[in-house]
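Hi everyone, thanks for making time. Let me put the structure up, and then I'll walk you through a few of its features.

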Amino acid sequence: MTQPQTQLYLKLIETLLNSPRAVEMEILNAHKNLVDQNLISNLITVGESLRKKQYLDHAERLISLASKLLQLEKTNSATVNRQEYFKFLMAVLHKVSQQA
């Protein structure tokens, strides 16, 4: 990850911390291009740094958000895997029906 990319993630994290929790998803939706593994990693890193500096509320908020994003990513990945498996099964059934 380049320095400019890191700065984008840090700016997004700063925006999240300076906004009410109620608008977190709106902010993330407005920055979909930054919602990825690098953001999750930066959320955890900054959260741990804030925890060490005793900014516990901010630290908890970032680490909690990282956890939610990881769960969402896991759910999305499972959905994609099921869709790919379904397409594979349909292709197999189509081939079998052509041979009958």
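A word on terms before we start: "buried" means under 20% relative accessible area, "exposed" means over 50%, and "partly exposed" is what falls in between, with a 1.4 Å probe and protein chains only. Please keep in mind that this is a predicted model, where local features need pLDDT of at least 70, side-chain atom pairs count only at pLDDT 80 or more, and totals for chains, interfaces and linings use all residues. Residues are numbered from 1 along each chain as its sequence is written, and side-chain values use heavy atoms, with hydrogens and water left out.

Let's begin with helix α3, residues 37–52. Helices here are DSSP runs of H or I with at least four residues, numbered from the N terminus. The expected span is 1.5 Å times one less than the number of residues, so the 16 residues of α3 should cover 22 Å, and the end C-alpha atoms, 23 Å apart, agree with that.

Which residues of α3 are buried? They are L39, I40, N42, L43, V46, G47 and L50. These residues sit on the same side of α3, because their arc around the axis is only 160°, taken from the directions from the helix axis to the C-beta atoms.

Now the ends of α3. At its start, a side-chain oxygen of D36 comes to within 3.0 Å of the backbone nitrogen of N38. After the helix comes Q54, with a positive phi near 70°.

On to salt bridges, meaning a side-chain nitrogen of Lys or Arg within 4 Å of a carboxyl oxygen of Asp or Glu. How many are there by this rule? The count is three.

One is in α3 itself: E48 pairs with R51, with closest N and O atoms 2.8 Å apart. These two are three residues apart in the helix, so about one helical turn separates them. E48 is partly exposed at 29% relative accessible area, and R51 is partly exposed at 38%.

Another joins R21 and E60 at 3.0 Å, N to O. R21 lies in the loop between α1 (3–17) and α2 (24–30) and E60 in helix α4, so this pair ties together parts 39 residues apart in sequence. R21 is partly exposed at 44%, as is E60 at 43%.

Then there is R61 with E24, at 2.7 Å between the closest N and O atoms. Here R61 in α4 meets E24 in α2, 37 residues apart. Are they buried or exposed? Both R61 and E24 are buried.

Conventions: A polar contact is a pair of N or O atoms within 3.5 Å; within protein, one must be able to donate a hydrogen and the other to accept it, and residues adjacent in sequence count only if both atoms are side-chain atoms.
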